[in-house]
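Colleague: Could you take me through this structure with the criteria behind each statement made explicit?

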Amino acid sequence: MAVSLGPQHPGSGHFRIRLWLDGDFVVRADPDPGYVHRGEEKMAEYRNYIQNIPHLERPAILDSTGMLFPYVEAVDQLMSTKVPPRAAYLRVIMAELNRIISHMYFLGIYGLFGGHTTMIEWANGDRDLFIDLAERIGGARVTFAYLVPGGVRNDMPQGLEGRAFKTFDWFEKRIAEYEKVWLYNPVFEQRTRGVGVLSREDAIRFGATGTVLRASGVKHDIRRAEPYSAYSDFEFEVPVSSAGDSWARGYVAIEEMKQSLRILRQAFEKIPSGPVRVKLGPQPRVPAGEAYFRTEGAHGERAYHIVSDGSPRPYRLKMEDPCFRNMILIRELLRGAHVADVPLVYWGLNYWPVSADR
Amino acid sequence: MSEKIAARFPSSRIEYVRQSRLKFTVAPETLKEAGLFARDELGFDHFATVSGVDYPSKNEIEVVYFVGSVRPGMEDLVIALATRVPRDAPAVQSLVEVWSGAEYHERETFEMLGVRFTGHPDLRRILLPEDWDDIPPLRKDFRSPGR
């Protein structure tokens with residue numbers, strides 16, 4: 001029996017999986033993306049490097065800083081801009097706040113898909129504290145247009161550390177509560193342990209990235225593998241799990257949030273003073289050349305391949321997307337799964353349709 | 001590493017060697033061999049993406065494969081394996097047998113730029129709607145509506 005799962009909005013953006021079922025088992029799965037394809041890469045060719053900022057940050061809207069980070073770093077590299085140290089720290093602060101914001105949405109929906117309504121309500125509520133911090137820095141709740149070529153758009157408000165540290169202390173206690181009520185909940189464990197197992201070899205073979213890659217035992221995080229911006233200034237771990245199942249993908253996300261808090265604390269404590277931006281003007285000309293810059297976003301490795309012909313607009317802007325990379329795992333991991341496992345296996349991959357479609 | 005490549009593929013062209021990045025171009029017929037070499041001899045096992053660039057002024061489309069590595073000591077490196085195909089008959093060997101992760105990326109390059117990947121197990125559109133009847137939209141002669 002062939003069934004269409006979608007293209008409604010299953011918590012994340014319009015997407016369809018064609019499923020072929022035999023009784024309670026999935027015989028074959030075929031991901032069908034493209035429902036929210038807006039032509040980001042084509043649009044980028046019609047706008048200059050500054051005009052590109054607002055639309056490029058929107059695909060993975062819940063990690064908008066993650067969308068822009070490799071973009072601004074690639075442009076800085078092409079223009080040989082020296083980003084001021086304070087700006088680099090602010091980029092990292094925003095990126096880690098966004099990582100938590102994104103992971104909290106992921107964990108909340110993960111709870112919802114497993115029928116755990118407490119997890120989604122708690123996660124959404126606590127997530128708002130981080131959105132609040134990001135709003136105080138960036139001026140908006142979701143899409144900040146905060147990272148710009150040359151630095152960041154503005155400095156953070158004075159005295160923000162007080163509120164920030166209060167939030168981090170509170171959140172650390174909350175993470176312990178999520179673990180108790182959700183991650184180590186016997187029902188959730190039963191539904192996710194041993195479900196949707198991705199072996200280490202397959203994870204590498206298919207080019208998996210992000211929490212999915214690390215939940216299958218591969219300790220690879222671009223912040224560590226190829227440190228960028230100010231990340232070499234901070235001490236943090238890269239959590240992994242050797243289980244490779246849906247449970248492990250939830251576990252790794254929670255552990256990553258603990259590490260993000262570590263980075264944030266260090267960043268707020270050590271942030272140097274100085275300017276936050278190298279002024280470039282409204283239509284900066286980027287010298288002809290090619291750049292491939294990658295960063296670790298909340299969903300995984302994100303990269304921009306930018307080809308410049310010396311004009312104010314990119315000749316070609318290719319967005320390498322972590323969700324698009326992991327999409328093939330939807331096909332692989334749903335094969336042989338129970339129908340009831342489908343939402344948890346799908347969501348555990350942290351797949352964001354709008355990000356994959358661009 | 002560039003010496004190894006130049007020794008193995010004397011007709012290839014090293015485009016650039018810079019911090020953690022190396023790009024080299026081979027002829028389309030040599031693409032799969034170069035891919036296997038990059039994977040097995042050089043250690044690039046972690047597939048990232050395929051990018052395509054349209055150069056109508058040269059009547060060429062460039063197809064670039066970006067591959068990383070999770071091997072210790074190589075985790076910061078990304079190799080860019082490129083080839084150029086003529087715009088009016090853009091066909092290249094599929095590298096799905098080299099890197100399983102390439103499957104959906106080649107489909108995207110196929111629909112966006114019109115490059116045919118011979119030997120691809122399932123070459124069909126992925127993002128564009130089924131009833132798309134215009135030219136591949138990332139080609140330079142496709143004008144975005146309203147622009």
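The exchange below goes through helix packing, the chain contact, the nonpolar core and several single residues.

Modeller: This is a predicted model, in which local features need pLDDT of at least 70 and side-chain atom pairs count only at pLDDT 80 or more, while totals for chains, interfaces and linings use all residues. Residues are numbered from 1 along each chain as its sequence is written, and chains are lettered from A and ligands numbered from 1 in the order in which they are written.

Colleague: How are α4 and α5 of chain A oriented where their axes come within 8 Å, roughly parallel or roughly antiparallel?

Modeller: Helices here are DSSP runs of H or I with at least four residues, strands are runs of E with at least two, and both are numbered from the N terminus. The axes, lines fitted to C-alpha atoms over the stretch in contact, give angles from 0 to 180 degrees between N-to-C directions, and for α4(A) (residues 85-113) and α5(A) (residues 117-138) they cross at roughly 160°. Angles under 35 degrees count as roughly parallel, over 145 as roughly antiparallel, 65 to 115 as roughly perpendicular and the rest as oblique. The crossing angle therefore makes α4(A) and α5(A) roughly antiparallel.

Colleague: Which residue classes make up the contact of α4(A) with α5(A)?

Modeller: Ala, Val, Leu, Ile, Met, Phe, Trp, Tyr, Cys and Pro count as nonpolar, Asp, Glu, Lys and Arg as charged, and the others, Gly among them, as polar. On that division, the contact of α4(A) with α5(A) has 17 nonpolar, six polar and two charged residues.

Colleague: What is the handedness of the crossing between α6 and α11 of chain A?

Modeller: Helix α6(A) (residues 160-183) and helix α11(A) (residues 246-270) pack at about 165° with their axes 11 Å apart, and they are therefore roughly antiparallel to each other. A crossing is left-handed if the near helix is turned anticlockwise from the far one by less than a right angle, and right-handed if clockwise. By that criterion, the crossing of α6(A) and α11(A) is left-handed.

Colleague: Against which helices do the buried residues of α6(A) pack?

Modeller: A residue is buried if 20 or more other C-beta atoms lie within 10 Å of its own, exposed if 12 or fewer, and partly exposed in between, with C-beta atoms placed from the backbone. In α6(A), the residues A:A164, A:F171, A:Y178, A:W182 and A:L183 are buried. The buried residues of α6(A) pack against α4, α5, α7 (186-192) and α11 of chain A.

Colleague: Which element gives the largest share of the side of chain B that touches chain A?

Modeller: With two residues in contact if their C-beta atoms, placed from the backbone, lie within 7 Å, the contact takes 28 residues from chain B and 28 residues from chain A. On the chain B side, two or more residues each come from β3 (46-55), β5 (78-86) and α3 (102-113) of chain B. The largest share, six residues, is given by β3(B).

Colleague: Which helix gives the most to the largest nonpolar core?

Modeller: A nonpolar core is a set of buried Ala, Val, Leu, Ile, Met, Phe, Trp, Tyr and Cys residues joined through C-beta atoms within 7 Å. The largest has 152 residues, and those with the most contacts inside it are A:I330, B:V67 and B:I79. With 18 residues, the element that gives the most to this core is α4(A).

Colleague: Why does A:H103 count as buried?

Modeller: The residue lies in helix α4 of chain A, and A:H103 touches A:A253, A:E256, A:M257 and A:A298, leaving aside residues up to four places away in sequence. A:H103 is buried because the number of other C-beta atoms within 10 Å is 27.

Colleague: Is A:N350 buried or exposed?

Modeller: A:N350 sits in the loop between α13 (342-348) and α14 (353-357) of chain A, and its phi is near 55°, a positive value in a residue other than glycine. Because A:N350 has 28 C-beta neighbours inside 10 Å, it counts as buried.

Colleague: Is B:N59 buried or exposed?

Modeller: B:N59 also has a positive phi of about 55° although it is not a glycine, and it lies in the loop between β3 and β4 (60-68) of chain B. With 10 other C-beta atoms within 10 Å, B:N59 is exposed.
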